[in-house]
Amino acid sequence: MTTFLLINGLGLSVAQAAESGIPIADLNRSEPVNFEKEIRPLLKESCLACHNETSAKAGLVLESPKTIRAGTEDGSIVVPFKSDQSLLLKVASHQKEPFMPPEDNEANAEPLSSQELGLLKLWIDQGAKVKKASQQKSETIDWQPLPPGINPIYSLSMTSDGQYVACGRANQVFIYDLPARRLFDRLTDRKLLQESAYSKRGVAHRDLVQSLQFSPGGRFLASGGFRTMKLWERGQNRRRQELTAAQGAEVRSIAVSENGGWLAAGLETGAINLWRWPEVTQVRRLKRCQKAVTDLVFTEDGQYLVSCSLDRRLLIWKLSNGALVGRIVGPAPMTAVAFANNESQVAAAGKDGLVRLWKFPFNPRDLKLPKPAQLLESGQAEITALAPLDGNGGRLISANREGKLSLWDVGDDKPVRSMDSGKPVTALAVGAAGRRVAALEEGGTVQLWNPKQGQRLTTLSGDHRLKRKIDRRRRQIVVEESRLKLREEKLAAARQEWEEHIDVAAKAAKKIVKAQQNLEKKTEAVAEAKEEDKEKAEELAKAKKAIIKTVQRSEFKIEAAREFADAYLKAQSSMETAQKRLETAKAKLTKAKEAYDASKVSMHSIAALEGSDRIATVNERGLMQTWSFEAGDPISAIETGLSNSVSVAGFNKGGALVTGNSKGLLTIWDSEPQWKLTRTLGHSSNPTQIAGRVTAIDFSPNGELVAVGSGQPSRKGQLKIWNTGSGKLVREVSRPHGDMVLSVAFSPDGDYLATGGADRLVKVFQVKDGALVNEFQGHGHHILDVAWRADGTVLASASADHVIKLWNVREGEHIKNIEGFDKEVTSVEFLGLDDQLLATSGDGILQIGDERISQKERFIYDAAIDFNRTTLVSGGQDSVLRVWEVASGELIHRFLPPTETDSQEAVQLAN
């Protein structure tokens, strides 16, 4: 800024203005002066650097009308309605010393202009009032939609199991299903659709999303924006609706039309029930078979249904009126049906081990068995499953009771490839583009195959939630072993110190006994000394004092020995506690393994989900799980409560899952319940609950508490702890930082909270009372992130000064620096119990332990890693969410930002 101030059109220097005073403009206006919009901004530029709540020179704070009227240590500076008697206006206009702001001030603040002084004078003459809450509320911010181009990923978070990743782009929050490699949800605050300029779903905040954090169990997601923290909860997998197909008749087959318009259930009795979807209203009951309907398939346009049954019938039904428009009675009971060659043919598998292909459609009035267009033979065993391997049905895959999987090119009589499962296969499910095939074996295991290579990839079995629990228990054991080692080292040191002081204490005790004896003699000698013998009396008195000092020193040594003994006993108790924690962790691991082994029960059915990127399995206990088709990674689990009764599963668009059981009951499940906003803390128009932008969020290890860091730039930080369940404020830490709180992190045991601020300080507070435990200085710029090592003894801080620092929390000492970054270090996290780190920076560096991946053209803001340290994600300025393999450091997937058209859907102005 220039050192000259233009006043009333004349170029006057600050010194010249000081001599004559700065003219005060006479403003001709009748409307009230708005303090927040008109007075505060000019005070901020020229006064608040020295007169704020954190640094109040002369005891003066100019942040609000209330503090201004409170005045200084010497009295009032504003007389409402009398600007000519107000000291504030006099010193600001340089009519009275000390002139404000002073010349050559450290903040380079310049004097108020003539117009600004006129505005200040008018505000005082109007009473220097505080606006009423009702008036303030009416003056809301005129929010406008964010343009599509503003979408960097400032923050992201991953559930500990690596299942979901959330990232913020502009004011939107995207949630991705990582194993399935797909967008799972896009959060919507419905109030914004009613109150703001947004007319379509997909908007979570008014302002940019500054912070995101999943709770430890992944049930909650907290997001931070301007003066608000929102808590989102993932809906629990639930049953939507129950349908009765036929009382007591087992459901043998289920199909949902590709266009989503129909739901069909084939029964043990030979009947077929039809419902309209998604209204789920029953339309009709089809009955032409005498035995179980084993399979159903809809035409792509949803006009026809083909069924096969154990009474050898292959039937075509017209859905609009339920008419039978095609019929073939084959030579053997039929077990599976599929379309081939763009629905120009229908293939039916039989118990005789053959697959017959007929021209589609066929005539229902032809009583003679037509000759199949093709006959596929893979052996003598019953064919139990049949499915198209690609979208147009040019390839088929079949499975039989000998465990043989055969891959066919329609038109060829011999299989292209055969795969041996080793056990009878009872059902098949095919992944997208035929890249994967899941085979359900007799005995209940599911094998995932790569049909192109004829390679068995993995086995799907057990409750994958328990498998994840085993992984967590194993990691907890590593943590407890490390803690125990530290306790043992501390115990050894405490014992050594105690033993060193035992001899000192023993010698001190002997000195006390001897000194006491000497003291008694000296005392008696002093008493016997005569008045005239003063010198002897004084000498004896000095000796007595020396003896007393000897006793005191000896008692001090004994007391020190006692303290070391107490420290040793405390260290011993701490070690015993650590031993018990380790034993408990090992017992929990054993229990988790036993539970997981017990969960490996027989699977009853499998089905491919919409898009064929996921597979669902249902076991004999009624546990329904979904897995990724690509690698068999677990996705979700639903406890159906239908143990020993689920016979088949089918899927519909929109995530609805349909199961049928042995009692004729169909249940529709919400397999992908969406995230819903459950609580909003603060409001964008009210700074009293949360000040400024929420730049940091963290959950306590048990998920019961959530810490929120925010504040006002260059003025003060704010740190509040809330109860996750009730939304009640548990604790506010008074003046945690002199500037905004930019990072927060609970310690692994949940007892402490580490924070980093724009004031360049790292602090550690006790959660129970908010007391400051430690403060670390040494960074030269904002602290952008803090992280605890798993054992809770070391803290890492990442700063805009291009450096990561490690701190010994217990000793309060600096350990070392990690350098080599050319720009801000934006995030940091420990990879394990040593000092290996995951870090990101503005110069595009992604550091994974000792390896650094450089992406110079990208500014990376944040990264996250799963509990097992196998997968990490990163995001930054280019809005691409990248997925990395930790072990190799290789990029394995990218989630691209929405297109401009997609973004505009969420930012359109309301009509």
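A residue is called buried under 20% relative accessible area, exposed over 50%, and partly exposed in between (1.4 Å probe, protein chains only). The structure here is a predicted model, in which local features need pLDDT of at least 70 and side-chain atom pairs count only at pLDDT 80 or more, while totals for chains, interfaces and linings use all residues. Residues are numbered from 1 along each chain as its sequence is written, and side-chain values use heavy atoms, with hydrogens and water left out.

With those cut-offs in hand, Ala433 comes out as exposed, because its relative accessible area is 69%. Ala433 has a positive phi of about 60° although it is not a glycine, and it sits in the loop between strand S27 (425–430) and strand S28 (437–441). Helices (H or I, at least four residues) and strands (E, at least two) are DSSP runs, numbered from the N terminus. Arg181 is another non-glycine residue with a positive phi, near 55°. Its place is the loop between strand S5 (172–177) and strand S6 (182–186), and at 34% relative accessibility Arg181 counts as partly exposed. Why bother pointing these out? Most residues other than glycine have a negative phi, and most peptide bonds are trans.

On to the peptide bonds, then. The one joining Glu97 and Pro98 is cis, with omega about 0°, and Pro98 belongs to the loop between helix H4 (87–92) and H5. A cis bond also runs from Phe360 to Pro361, with omega near 0°, and Pro361 lies in the loop between S21 and S22.

Next come the aromatic rings. Rings of Phe, Tyr and Trp (its six-membered ring) pair if their centres lie within 6.5 Å; planes under 30 degrees apart count as stacked, over 60 as edge-to-face and the rest as tilted. By this rule the count comes to nine aromatic pairs. In one of them, the ring centres of Phe35 and Trp123 are 5.3 Å apart and the planes meet at 40°, so this pair is tilted. Phe35 is in helix H2 (residues 35–46) and Trp123 in helix H5 (residues 114–125), 88 residues apart, so to speak of distant parts of the chain is fair. Both rings belong to buried residues: Phe35 has a relative accessible area of 5%, and Trp123 has 2%. For Phe339 and Phe360, the centres are 5.1 Å apart and the planes stand at 75°, which makes the pair edge-to-face. Phe339 is buried at 8%, and Phe360 counts as buried at 13%. Tyr154, Phe859 and Tyr861 form one aromatic cluster.

Back to H2, the helix that holds Phe35. Its expected span (1.5 Å times one less than its number of residues) is 16 Å for 12 residues, and the end C-alpha atoms are 15 Å apart, which agrees. Buried in H2 are Phe35, Ile39, Arg40, Leu42, Leu43 and Ser46. They cover an arc (taken from the directions from the helix axis to the C-beta atoms) of only 165°, which puts them on the same side of H2. The face turned away from that buried side carries the exposed residues Lys37, Lys44 and Glu45.
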